[in-house]
Amino acid sequence: METLEIVLIVLAAVCGIFLLWVLAGFIAFLISFRKNSIVGKMINKKFRSQLKQEYAIDYDWWEQVDNEKITIQVGKEEQSGILLRRPTNKIAIVVHGIFGVHKDLAPQAKIFYDNNFNVFAPTLRAHDDDKSKYISMGFYEKDDLVLWIGKLIEIFGEECQIVLFGISMGAATCLLCANKNLQKNVKCIVSDSAFSSAYDELKYLIKTRGHFPSFFVLPVMNFFFKVFGKFDLKKVLPIESVKTSNLPILFFHGTNDVFVPCLMTEKMFESLNRNDCEKVIVSGAGHIQSYKYLGANYEKKLLEFVNKWVK
């Protein structure tokens, strides 16, 4: 075989591998983080079938309380959320996780509502009826949350007191707000099963759930996040946000979480080295299952912490 032919074959093979690499990353991006993505639908279907048994979530609760829909304008899109009013100036903003909806937070919303908090549950971008195209793992969602905080201060007045509560990506979004110049109205944050780094989180999921080498797919996925989503996964770092925050933070996490490693919460807590922050590590609990495992003790711990800062 001629030397030129060998060179051409090698070049063709290299180009083929490169194109396969790019295609794999592009497909992984498309099926995961676009609105109504295949992965999102699959996770939703599985999650919804496990709600009552494994997560102790009662969707019907939301229909038993008076609620109203409020909106804000974010760029060209309108975002919405559900507000449950109480005769008080205390507000709990409860933020759902990736591929979720506000109703997933029924247990925690009920705790706040029953303890005389107004409860506001925003719909994150590219979820439910939101018109945005891409989920940004908290990068843009944190800015949306800051706008919602401003909206609620307009509604309830300058003396209102706010606690941020989130699960999974919603918890990470709350933590990403921690280093923002938030209004003094925000008194504390409660994080349930948050990741410390979006890039490390996807690396973990690709390896453990996808059983695929993350070094092959993730860099290309991140390239398409930059092109289409206009953000860099490597800059979504809740752990860096909490380091520069002066807000009290309570962390919940289960030791058997196979979606977000408990170690991520441990690292964030260790990075704080402050007396006003607390963690509750729940033995045997899976992803966002601390409520189910702790039961009444979850409510007790949550309220003990929040009531220190919201009077």
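Buried here means under 20% relative accessible area, so Cys277, with a relative accessible area of 5%, counts as buried. Keep that cut-off in mind, as it comes back at nearly every stop. One caution before you start clicking: this is a predicted model.

**The whole chain**

Start with everything shown as a cartoon. You should find 11 helices and 8 strands in the protein chain. Colour by burial next: of the 311 residues in the protein chain, 52% are buried. If you like contact maps, take the contacts between residues at least 6 apart in sequence; 77% of them join residues at least 24 apart.

**Cysteines**

Now select the cysteines. How many disulfides does the structure hold? The count is 0. Zoom in on Cys174, which is in no disulfide: the nearest cysteine sulfur belongs to Cys177 and lies 6.5 Å away. A disulfide needs sulfur atoms within 2.5 Å, so a pair at any greater separation doesn't qualify. Cys174 is also buried, at a relative accessible area of 0%.

**H5 and its neighbour H4**

Stay around Cys174 and widen the selection to H5. Is this helix mostly covered or mostly open? Mostly covered: 8 of its 8 residues are buried. Those are Met169, Gly170, Ala171, Ala172, Thr173, Cys174, Leu175 and Leu176.

Add H4, residues 141-156, to the view alongside H5, residues 169-176. Their axes come within 8 Å and cross at roughly 70°, which makes H4 roughly perpendicular to H5. The crossing of H4 and H5 is right-handed.

Show side chains at this crossing. From H4, pick Glu141, Lys142 and Leu145; they meet Met169, Thr173, Cys174 and Leu176 of H5. Sorted by class, the contact of H4 with H5 has 4 nonpolar, 1 polar and 2 charged residues.

**Pro122 in strand S4**

Next, jump to strand S4, residues 118-122, and select Pro122. Pro122 is buried, with a relative accessible area of 2%. What does Pro122 contact, leaving aside neighbours within four places in sequence? The list is Ser80, Gly81, Ile93, Val94, Val95, His96, His102 and Trp148. Try a distance label between the C-alpha atoms of Pro122 and His96: the two residues are 26 apart along the chain, and the label should read 7.9 Å.

**H3 and what follows**

Move to helix H3, residues 106-114, where 7 of the 9 residues are buried, so the helix is largely enclosed by the rest of the structure. The buried ones in H3 are Ala106, Pro107, Gln108, Ala109, Ile111, Phe112 and Tyr113. Then step on to Asn116, which follows H3 and has a positive phi, near 65°.

**Positive phi in the loops**

Most residues other than glycine have a negative phi. With that in mind, two loop residues deserve a click.

- Ala126 isn't a glycine, yet its phi is positive, about 70°. You'll find Ala126 in the loop between S4 and H4. At 6% relative accessibility, Ala126 counts as buried.
- Ile288 has a phi near 45°, again positive in a residue other than glycine. Look for Ile288 in the loop between strand S8 (278-282) and helix H10 (290-294). Ile288 is buried, with a relative accessible area of 14%.

Definitions and conventions:
Residues are numbered from 1 along each chain as its sequence is written. This is a predicted model: local features need pLDDT of at least 70, side-chain atom pairs count only at pLDDT 80 or more; totals for chains, interfaces and linings use all residues. Side-chain values use heavy atoms; hydrogens and water are left out. Buried means under 20% relative accessible area, exposed over 50%, partly exposed in between (1.4 Å probe, protein chains only). Axes are lines fitted to C-alpha atoms, for helices over the stretch in contact, and angles run from 0 to 180 degrees between N-to-C directions. Helices (H or I, at least four residues) and strands (E, at least two) are DSSP runs, numbered from the N terminus. Angles under 35 degrees count as roughly parallel, over 145 as roughly antiparallel, 65 to 115 as roughly perpendicular and the rest as oblique. A crossing is left-handed if the near helix is turned anticlockwise from the far one by less than a right angle, and right-handed if clockwise. Contact means heavy atoms within 4.5 Å. Ala, Val, Leu, Ile, Met, Phe, Trp, Tyr, Cys and Pro count as nonpolar, Asp, Glu, Lys and Arg as charged, and the others, Gly among them, as polar.
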